[in-house]
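Here's a friendly walk through one structure, for anyone meeting it for the first time. Have a look at it first, then read on.

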Amino acid sequence: MIRFFAAPIAAIALLTATAGGALAEEFDSRDIMGGGPNFFRGGSSPIPRTTVMYNGSYAPGTVVVNTSERRLYLVLQNGQALRYGIGVGRDGFRWGGVHRITAKKEWPDWTPPSQMLARRHDLPRHMKGGIENPLGARAMYLGSTLYRIHGSNEPETIGQAVSSGCFRMTNDDVTDLYSRVSVGTTVVVLNN
């Protein structure tokens, strides 16, 4: 019986040794349940976050959403901004205006609004926060609207027009933005 298990165990040990430390470096058991160092890696944005020159008349700290570009800008000092890729509302669901962030939540629960439930009968009535939740890792609520800037468990939708009016970001990007803004931050949504 011992010989029956010895060969497969030796083969696994040999494969692990020849594969090098790469596998060991790539794997962290916390990634399975969330929170490990590679947690956000699988959800990297097809549009990398970057610092750019920004010629706008908005005060530093303002968030500017440009729906036609499918980009979100956090205005910085000295004519610069952090630019993030976002997913925007599909045709008929894009909007514009000026609001403020009225609430921020980590791993928010999701209760689809009645308007969405009327269109999509297959949606759950309520979903606890977590990795499977469509709001992702963070959400910033915009004024009295139904809309949010939030994370996504579908990073492939970044740069596309697929939402019902919310602005989607990768979990990595929304976590970064969340750490840089506060309740009361002005959000300008340009829909041109």
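Let's start with a term: a residue is buried when its relative accessible area is under 20%, exposed when that is over 50%, and partly exposed in between. Arg-49, with a relative accessible area of 33%, therefore counts as partly exposed. Keep in mind that this is a predicted model.

**The sheet**

Let's look at the strands. They include an open sheet of 9 strands with mixed pairing, in the order 1-4-3-2-11-6-7-8-10. Strand 1 (50–53) and strand 10 (167–168) are its edge strands, each pairing on one side only.

Strand 2 and strand 3 run antiparallel, with 4 bridges between them, and Val-64 sits opposite Tyr-73 in strand 3. These two strands make a hairpin with 4 residues between them, and Arg-70 in the turn has a positive phi of about 60°. Moving on, strand 3 is joined to strand 4 by 5 bridges, also antiparallel; here Arg-71 faces Gly-85 in strand 4. That hairpin has 4 residues between the strands as well, and Asn-78 takes a positive phi near 60°. Strand 3 is largely enclosed by the rest of the structure, because 4 of its 5 residues are buried. Elsewhere, strand 6 and strand 11 pair in the antiparallel sense over 4 bridges, with His-99 opposite Val-187 in strand 11.

**The core and helix 5**

Nonpolar side chains tend to be buried together in soluble globular proteins. In this model, the largest nonpolar core has 21 residues, and those with the most contacts inside it are Val-63, Leu-72, Ile-149, Phe-167 and Leu-177. Which element gives the most to this core? That's helix 5, with 3 residues.

Phe-167 has plenty of company: beyond its neighbours within four places in sequence, its contacts include Val-65, Trp-95, Leu-142, Ile-149 and Val-189. Helix 5 itself is mostly covered, with 7 of its 10 residues buried. Among those buried residues are Asp-173, Asp-176 and Leu-177. The cover over them includes strand 2, strand 3, strand 4, strand 6 (97–106), strand 7 and strand 8 (148–150).

**A buried asparagine**

Is Asn-66 buried or exposed? Asn-66 counts as buried because its relative accessibility is 9%. Its place is in strand 2, and its side chain makes a polar contact with the side chain of Ser-68 (2.8 Å). The Asn-66 side chain also reaches the backbone nitrogen of Glu-69 at 3.0 Å. Not counting residues up to four places away in sequence, Asn-66 touches Arg-71, Tyr-73, Leu-190 and Asn-192.

**Salt bridges**

How many salt bridges does a search of the whole structure find? There are 8, including these:

| Pair | Closest N and O atoms |
|---|---|
| Arg-49 and Asp-173 | 2.7 Å |
| Arg-120 and Asp-122 | 2.8 Å |
| Asp-176 and Arg-180 | 2.9 Å |

Arg-49 lies in the loop between helix 3 (30–33) and strand 1, and Asp-173 in helix 5, so this pair ties together parts 124 residues apart in sequence. Asp-173 counts as buried, at 4% relative accessibility. By contrast, Asp-122 is exposed, with a relative accessible area of 57%, and its partner Arg-120 is partly exposed at 40%.

Asp-176 and Arg-180 both lie in helix 5, 4 residues apart, about one turn of the helix. Asp-176 is buried at 14% relative accessibility, whereas Arg-180 is partly exposed at 46%. Salt bridges that share partners join Arg-49, Asp-173, Asp-176 and Arg-180 into one network.

Note on methods. Residues are numbered from 1 along each chain as its sequence is written. This is a predicted model: local features need pLDDT of at least 70, side-chain atom pairs count only at pLDDT 80 or more; totals for chains, interfaces and linings use all residues. Side-chain values use heavy atoms; hydrogens and water are left out. A nonpolar core is a set of buried Ala, Val, Leu, Ile, Met, Phe, Trp, Tyr and Cys residues joined through side-chain atoms within 4.5 Å. Buried means under 20% relative accessible area, exposed over 50%, partly exposed in between (1.4 Å probe, protein chains only). Contact means heavy atoms within 4.5 Å. Two strands pair if DSSP finds at least two bridges between them. A polar contact is a pair of N or O atoms within 3.5 Å; within protein, one must be able to donate a hydrogen and the other to accept it, and residues adjacent in sequence count only if both atoms are side-chain atoms. A salt bridge is a side-chain nitrogen of Lys or Arg within 4 Å of a carboxyl oxygen of Asp or Glu.
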